Amino acid sequence: MEDRRIRVLIAKPGMDGHDRGAKVVARALRDAGMEVIYTGLRQTAEMIVNAAVQEDVDAIGLSVLSGAHMHYFREVVGLLRERGAEDILVFGGGIIPDQDLPKLAELGVGKVFTPGASTEDAAEYLKAAVAQRWAAQGA
């Protein structure tokens, strides 16, 4: 399905009001040919998952700078599971300690981009990971 575009939802969960990084990532993914939906600030996990399911996205990117990353990732992954939407890839970025990265991977988070990661790396990761999921689903 070479003509199919990857659909990504970028979200800022919680009360963190700093969204410049999320907007930069959203723009970079759009420039890389993806359809991007940015939910805006102060989203709950329920709002994020509802939007992702409604918009039929391939991936959800969470931007967390508040230190509550374990809570939000756990909640989003759990709600996706409850909704039968585990096929939506979850990835993220923000201020996330290295020691939490293995725990996030165990939750089912695909990849986390920490400060210094390039937007090109995020775009390439999504292209590869979503293509792999499409192939596994026979899409």
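Gln-43 touches Lys-12, Pro-13, Gly-14 and Ile-48, leaving aside residues up to four places away in sequence. This is a predicted model, and in it Gln-43 sits in the loop between β2 (35–38) and α2 (45–55). Below are some notes on that loop residue, the largest pocket, an aromatic pair and helix α3.

**Gln-43**

- Is Gln-43 buried or exposed? Its relative accessibility is 11%, and buried means under 20%, so Gln-43 counts as buried.
- One of its contacts, Ile-48, belongs to helix α2, which covers residues 45–55.

**The largest pocket**

- The largest pocket holds about 400 Å³ of space.
- In general, you find empty space like this by rolling a probe the size of a water molecule over the atoms.
- Its lining takes in 25 residues, and those nearest the centre are Gly-21, Val-25, Gly-93, Gly-94 and Phe-113.
- Four elements, α1 (20–31), β3 (59–64), β4 (89–94) and α5, each give two or more residues to the lining.
- Which element gives the most to that lining? It's α1, with 5 residues.
- By chemistry, the lining of the largest pocket splits into 12 nonpolar, 11 polar and 2 charged residues.

**The aromatic pair**

- You'll find 1 aromatic pair in the structure, made by Phe-113 and Tyr-125.
- The two rings sit 5.9 Å apart, centre to centre, with 65° between their planes. Over 60 degrees counts as edge-to-face, so that's the label this pair gets.
- Phe-113 comes from strand β5 (residues 112–113) and Tyr-125 from helix α5 (residues 119–137), so the pair ties together parts that are 12 residues apart in sequence.
- Both partners, Phe-113 and Tyr-125, are buried.
- Phe-113 turns up in the pocket story too, as one of the lining residues nearest the centre.

**Helix α3**

- Helix α3 runs over residues 69–82, which makes 14 residues. At 1.5 Å a residue it should span 20 Å, and its end C-alpha atoms are indeed 20 Å apart, so the two values agree.
- Which residues of α3 are buried? They are His-69, Met-70, Tyr-72, Phe-73, Val-76, Val-77, Leu-79 and Leu-80.
- As a rule, an α-helix has 3.6 residues a turn, so residues three or four places apart point the same way.
- What do the buried residues of α3 pack against? Their partners are α2, β3, β4 and α4 (101–107).
- Two of those partners, β3 and β4, also give residues to the lining of the largest pocket.
- Just past the end of α3, Gly-84 has a positive phi of about 70°.

Definitions and conventions. Residues numbered from 1 in each chain as written. Predicted model: local features only at pLDDT ≥ 70, side-chain atom pairs only at ≥ 80, totals over all residues. Heavy atoms only, no water. Phe/Tyr/Trp six-rings, centres within 6.5 Å; stacked < 30°, edge-to-face > 60°. Buried < 20%, exposed > 50% of the residue type's maximum accessible area, 1.4 Å probe, protein only. Contact = heavy atoms within 4.5 Å. 1 Å grid on protein atoms, 1.4 Å probe; cavity = no way out; pocket = protein on both sides within 12 Å on 5 of 7 lines; lining within 4 Å. Points joined across faces, edges and corners; volume = space filled by probe spheres on them. Nonpolar A, V, L, I, M, F, W, Y, C, P; charged D, E, K, R; others polar. Expected span 1.5 Å × (residues − 1).
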